[in-house]
Amino acid sequence: MRRSSRLTVMNREAGVMAVTVLVVEDEEKIGRFLELELKHEGYGVLKAQDGREGLELALSGKADLMVLDIMLPELNGFEVLRRLRKNSDMPVIMLTARDEVMDKVAGLDGGADDYMTKPFAIEELLARIRLALKKRQGAARENSSVLSCGGLTVDTARYEARFEGELIELTHREFELLRVLLENKNIVISRDTLLEKVCGYDYMGETNIIDVYVRYLRGKIDDKYGIKLIQTVRGVGYCIKD
Ligand code: CA
């Protein structure tokens, strides 16, 4: 799934994340009203007046969330949503005419995040936009590759360890040891298991090598930042506790 990168773009003027909302609505009055209100709230706004243009803009990755009307020329809202979902998990809030319950059901089945019944209070739409964005950010965080404990964060995709933002220089095996311990937070791991995971099952070198790496890590993290990260469990192994 393609994820929009716009959430990470800084809005220098406001000093906050600039989030762009795509409004797909053929009724010009509603479209203009939404544009004004959203801009007033600090959002960037893209507009489309038919389903085809809306889908194109949505797939362009220039917007973070879409407000999508159902009755649209070219492609209706359901069709836009159906095609969008093949490539993108962008949050979508559908606009439906009053009491069109079947539309709501179809919208949710089709992968909409939420829907609003027209006419709607703008405050409610704004609240739902905030909620949908927050949910999506939460989901993104869960899927991310960052492990953490206290001030320590380890990004396994970037191969970076930091303490309160400061980069910690680690060798490959130090990093792997830290990663294994963090992935099993609050669980005591035996030296044998650590040896296998960090050095490989066919490792033939010194068996106390894990103790040596733990000592190195303590020097680079515990001693430097005055914390007690890695606990020794006598006779068993090591553990990182929350
Ligand atoms: Ca319409």
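Where is asparagine 186 found? Asparagine 186 lies in the loop between α6 and β12 (189–190). In this predicted model, the backbone of asparagine 186 has a positive phi of about 70°, although the residue is not a glycine. Its relative accessibility is 45%, so asparagine 186 counts as partly exposed, given that the partly exposed class runs between 20% and 50%.

The chain as a whole gives the setting. The protein chain has eight helices and 14 strands. It comprises 242 residues, of which 40% count as buried. Among contacts in the chain with a separation of 6 or more, 55% are between residues 24 or more positions apart.

The calcium site is one place where distant parts of the chain are linked. The calcium ion is coordinated by Asp26 through OD, by Asp69 through OD and by Met71 through O, at 2.1 to 2.3 Å. Along the chain, these donors follow the spacing D-x42-D-x1-M. The two aspartates are 43 residues apart: aspartate 26 belongs to the loop between β3 (20–24) and α1 (28–40), while aspartate 69 belongs to strand β5 (residues 65–69). Are these two residues buried or exposed? Aspartate 26 has a relative accessible area of 30% and is therefore partly exposed. Aspartate 69, at 3% relative accessibility, counts as buried, because buried means under 20%.

Two further backbone features sit in loops. In general, most residues other than glycine have a negative phi, and most peptide bonds are trans. The peptide bond from lysine 118 to proline 119 is cis, with omega near -5°. Proline 119 is in the loop between β7 (114–118) and α5 (122–143). Glutamate 164 has a positive phi of about 45° and is not a glycine. Glutamate 164 is placed in the loop between β10 (160–163) and β11 (166–168). With a relative accessible area of 66%, glutamate 164 is exposed, because the exposed class is over 50%.

The loop that holds asparagine 186 follows α6, and that helix leads to the next part of the structure. Helix α6 (residues 172–183) packs against helix α7 (residues 191–199) at an angle of about 125°, with the axes 9 Å apart. That angle makes α6 oblique to α7, because it falls outside the ranges for roughly parallel, roughly antiparallel and roughly perpendicular pairs. The crossing of α6 past α7 is right-handed. On the α6 side, the contact is made by Arg173, Glu176, Leu177, Val180 and Leu181, and on the α7 side by Leu194, Lys197, Val198 and Cys199. By class, the residues of this contact are six nonpolar, no polar and three charged.

Glutamate 174 is also in helix α6. Its relative accessible area is 3%, so glutamate 174 is buried. Which residues are in contact with glutamate 174, leaving aside neighbours within four places in sequence? They are Glu169, Tyr213, Tyr216, Leu217 and Lys220.

Helix α7 also packs against helix α8 (residues 209–225), at an angle of about 80° and with the axes 9 Å apart. The two helices, α7 and α8, are therefore roughly perpendicular to each other, because that class covers angles of 65 to 115 degrees. Arg191, Leu194, Leu195, Val198 and Cys199 of α7 make the contact with Ile209, Ile210 and Asp211 of α8. This contact of α7 with α8 has six nonpolar, no polar and two charged residues. Leu194, Val198 and Cys199 of α7 are listed in the contact with α6 and also in the contact with α8.

Leucine 195 shows the α7 side of the contact with α8 at the level of one residue. Leucine 195 is located in helix α7 and is buried, with a relative accessible area of 14%. Not counting residues up to four places away in sequence, leucine 195 touches Gly200, Tyr203, Ile209 and Ile210. Of these, Ile209 and Ile210 are among the α8 residues in the helix contact. Leucine 195 and aspartate 211 are 16 residues apart in sequence, and their C-alpha atoms are 9.8 Å apart in space.

Notes:
Residues are numbered from 1 along each chain as its sequence is written. This is a predicted model: local features need pLDDT of at least 70, side-chain atom pairs count only at pLDDT 80 or more; totals for chains, interfaces and linings use all residues. Side-chain values use heavy atoms; hydrogens and water are left out. Donors are N, O and S atoms within 2.8 Å of the metal (3.2 Å for Na, K and Ca); water is not among the atoms, so sites may look incomplete. Helices (H or I, at least four residues) and strands (E, at least two) are DSSP runs, numbered from the N terminus. Buried means under 20% relative accessible area, exposed over 50%, partly exposed in between (1.4 Å probe, protein chains only). Axes are lines fitted to C-alpha atoms, for helices over the stretch in contact, and angles run from 0 to 180 degrees between N-to-C directions. Angles under 35 degrees count as roughly parallel, over 145 as roughly antiparallel, 65 to 115 as roughly perpendicular and the rest as oblique. A crossing is left-handed if the near helix is turned anticlockwise from the far one by less than a right angle, and right-handed if clockwise. Contact means heavy atoms within 4.5 Å. Ala, Val, Leu, Ile, Met, Phe, Trp, Tyr, Cys and Pro count as nonpolar, Asp, Glu, Lys and Arg as charged, and the others, Gly among them, as polar.
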